[in-house]
Amino acid sequence: MAMKGYLDEYEKLVIRMNTPRVVIDNGVCSSATIVKVDSARGHGILLEAVQILTDLNLSIKKAYISSDGRWNMDVFHVTDLNGNKLNDQSVLRYIEQSIETVYYGEDIEVNGLTALELTGTDRIGLLSEMFAVLSDLNCDVVDAKLWTHNGRVASLIYLKDCSSGSPILDSHRISKIEGRLKNVLNGDNDVKSSAKTCVSMDVMTHIERRLHQLMFEDRDYERKRSKKQERSPMVVVTVQNWAERGYSVVNVHCRDRTKLLFDVVCTLTDMEYAVFHATINTSTDQAHMEFYIRHKDGSPISSEAERQRVIQCLEAAVERRASEGVRLELRHPDKQGLLAEVTRTFRENGLNVTRTEISTSCDMATNIFYVTNANGDEADSKLIESVREKIGLECLRVKEMPSLNHNKGDGGEQQQTKQVLVSLGSLVWRNLFNFGLIKSCS
């Protein structure tokens, strides 16, 4: 009994040591809320923290990531999308509780629905044909996200049976759904293996992380870039090795937007790289991110081919969610075939859907579509208004992209903020490396 009590206390100690500790401070910085996370170092822990913040639609203005041996210290400067500090106590409590528990496997799960994963070649009208097939097969789309990039498409769709409202379990019906959709995804493509479909009842991965994984598995980063991308690249990525410290140094510079840090960290994590140190800064509408990474086995990038692959994958990660086209928001009472009707109207009027987010709550559908013309350029405003009239002016509205509010007048507080962060040890680690006061992480 004494030994059992000793083991119980030891187990409690291990849990306390490995549980992330979160401190939220609204008094240090006048323009942002400071979220500090101390935790035992582990693969994916940084991604989990960033995921929680971005899922709350928060903007990460700055971040300082540092790892010393077996411990991580992450400091985030966050605001809402309007550039305001976080004052809602329920939101602050949620951040604390979520980060302190998320590492024990609390993944996102959509209960009572059938998950459908799709990848294939993108083309105009594809979404319309997909939703028409699902409607014809008596499938109700409850939630869905679709991304397009470099001529490829990836989608994660959550379904239920229209008649019963239950998940679709019959194996014959599932095979029929997969077969019909695979034919749509292949289209006239001679390479029949290019399209993939998968139906599952137990998809536990975060939806947007899974979309990145699907695109990565489909190797969208290897596709030929468009002339528009070559003329004005959305992102500049450089990778160099710091041989003395055994790190690969990754720099990413691009236009700032929501969920940008999540997209980059997600890709590095799923490529099995560990982030040991990082600095993220945003100003006006630009973002600059610097990461010191190694493989999970502790080695830096070791070849030119690997370096180029990291560059390509990070460029793709940033570009996938970079919204092209007009943002349309549809709010309509949910009904069978609604998505098929709306997307068919888009197709018949020459609008191409580049990204979409589908959600249903309390029998009300709220769907967001990003549309361009057939050439991938911005659609004519008269055409947009014509489509709105056909679908319903009150139901389909043009919505501006939520812009990130960067405070310009925070220069007077920078010294105060810097002093606090220095006391946390998150700004000076690089200089300490150079003076030999901190050893490289092993």
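**Sheets, helices and a buried valine**

Biologist: How many bridges join strand β5 to strand β8?

Modeller: Strand β8 covers residues 196-200 and runs antiparallel to β5; here strands are DSSP runs of E of at least two residues and helices are runs of H or I of at least four, both numbered from the N terminus. Two strands count as paired if DSSP finds at least two bridges between them. Within this pair, Leu 116 stands opposite Val 199, and the bridge partner of Thr 119 in β8 is Lys 196. The number of bridges joining β5 to β8 is five.

Biologist: On what kind of model do these values rest, and which atoms are left out of the side-chain values?

Modeller: The model is predicted, with local features requiring pLDDT of at least 70 and side-chain atom pairs counted only at pLDDT 80 or more, while totals for chains, interfaces and linings use all residues. Residues are numbered from 1 along each chain as its sequence is written, and side-chain values use heavy atoms, leaving out hydrogens and water.

Biologist: Which residue of β7 is the bridge partner of Ala 115?

Modeller: Strand β5 (residues 114-121) also pairs with strand β7 (residues 152-161), in the antiparallel sense and over eight bridges. Seven of the eight residues of β5 are buried, where buried means under 20% relative accessible area, exposed over 50% and partly exposed in between, with a 1.4 Å probe and protein chains only. In β7, the bridge partner of Ala 115 is Tyr 158.

Biologist: Which strands stand at the edges of the sheet that contains β5?

Modeller: This open sheet has eight strands in the order β8-β5-β7-β6-β14-β15-β13-β16, with antiparallel pairing. The two edge strands have a single partner each, so one side of each is left without a neighbour in the sheet. They are β8 and β16 (396-398).

Biologist: What angle does the direction of α4 make with that of β6?

Modeller: The twist of this sheet averages 20 degrees from one strand to the next. Helix α4 packs on the sheet, touching β5, β6 (139-149), β7, β14 (352-361) and β15 (364-372); contact means heavy atoms within 4.5 Å. Axes are lines fitted to C-alpha atoms, for helices over the stretch in contact, and angles run from 0 to 180 degrees between N-to-C directions. The direction of α4 makes with that of β6 an angle of about 160 degrees.

Biologist: How are α4 and α5 oriented to each other, roughly parallel or roughly antiparallel?

Modeller: Helix α4 (residues 126-136) and helix α5 (residues 171-186) pack at about 160 degrees, with their axes 10 Å apart. Angles under 35 degrees count as roughly parallel, over 145 as roughly antiparallel, 65 to 115 as roughly perpendicular and the rest as oblique. The two helices are therefore roughly antiparallel.

Biologist: How many nonpolar residues does the contact of α4 with α5 have?

Modeller: The contact is made by Leu 126, Glu 129, Met 130, Val 133, Leu 134 and Asp 136 of α4 and by Ile 177, Arg 180, Leu 181, Val 184 and Leu 185 of α5. By class, Ala, Val, Leu, Ile, Met, Phe, Trp, Tyr, Cys and Pro count as nonpolar, Asp, Glu, Lys and Arg as charged, and the others, Gly among them, as polar. The contact has no polar and three charged residues, and its nonpolar residues number eight.

Biologist: At what angle does α10 run to β15?

Modeller: In helix α10 (residues 338-348), the buried residues include Leu 338, Leu 339, Val 342 and Phe 346. Just after α10, Gly 350 takes a positive phi of about 75 degrees. Helix α10 lies across β6, β13 (326-333), β14, β15 and β16. Its angle to β15 is about 20 degrees.

Biologist: What is the strand order of the open sheet that contains β1 and β9?

Modeller: This open sheet has eight strands with antiparallel pairing. Strands β1 (21-25) and β9 (235-242) stand at its edges, each with a single partner, so one side of each is left without a neighbour in the sheet. The order is β1-β2-β4-β3-β11-β12-β10-β9.

Biologist: What distance separates the C-alpha atoms of Val 250 and Leu 314?

Modeller: Val 250 lies in strand β10 and counts as buried because its relative accessibility is 0%. Not counting residues up to four places away in sequence, Val 250 touches Leu 314 and others, including Val 237, Met 289 and Phe 291. Val 250 and Leu 314 are 64 residues apart along the chain, and their C-alpha atoms are separated by 9.7 Å.

Biologist: What percentage of the residues of the protein count as buried?

Modeller: The protein has 13 helices and 16 strands. Of its 442 residues, the share that counts as buried is 49%.
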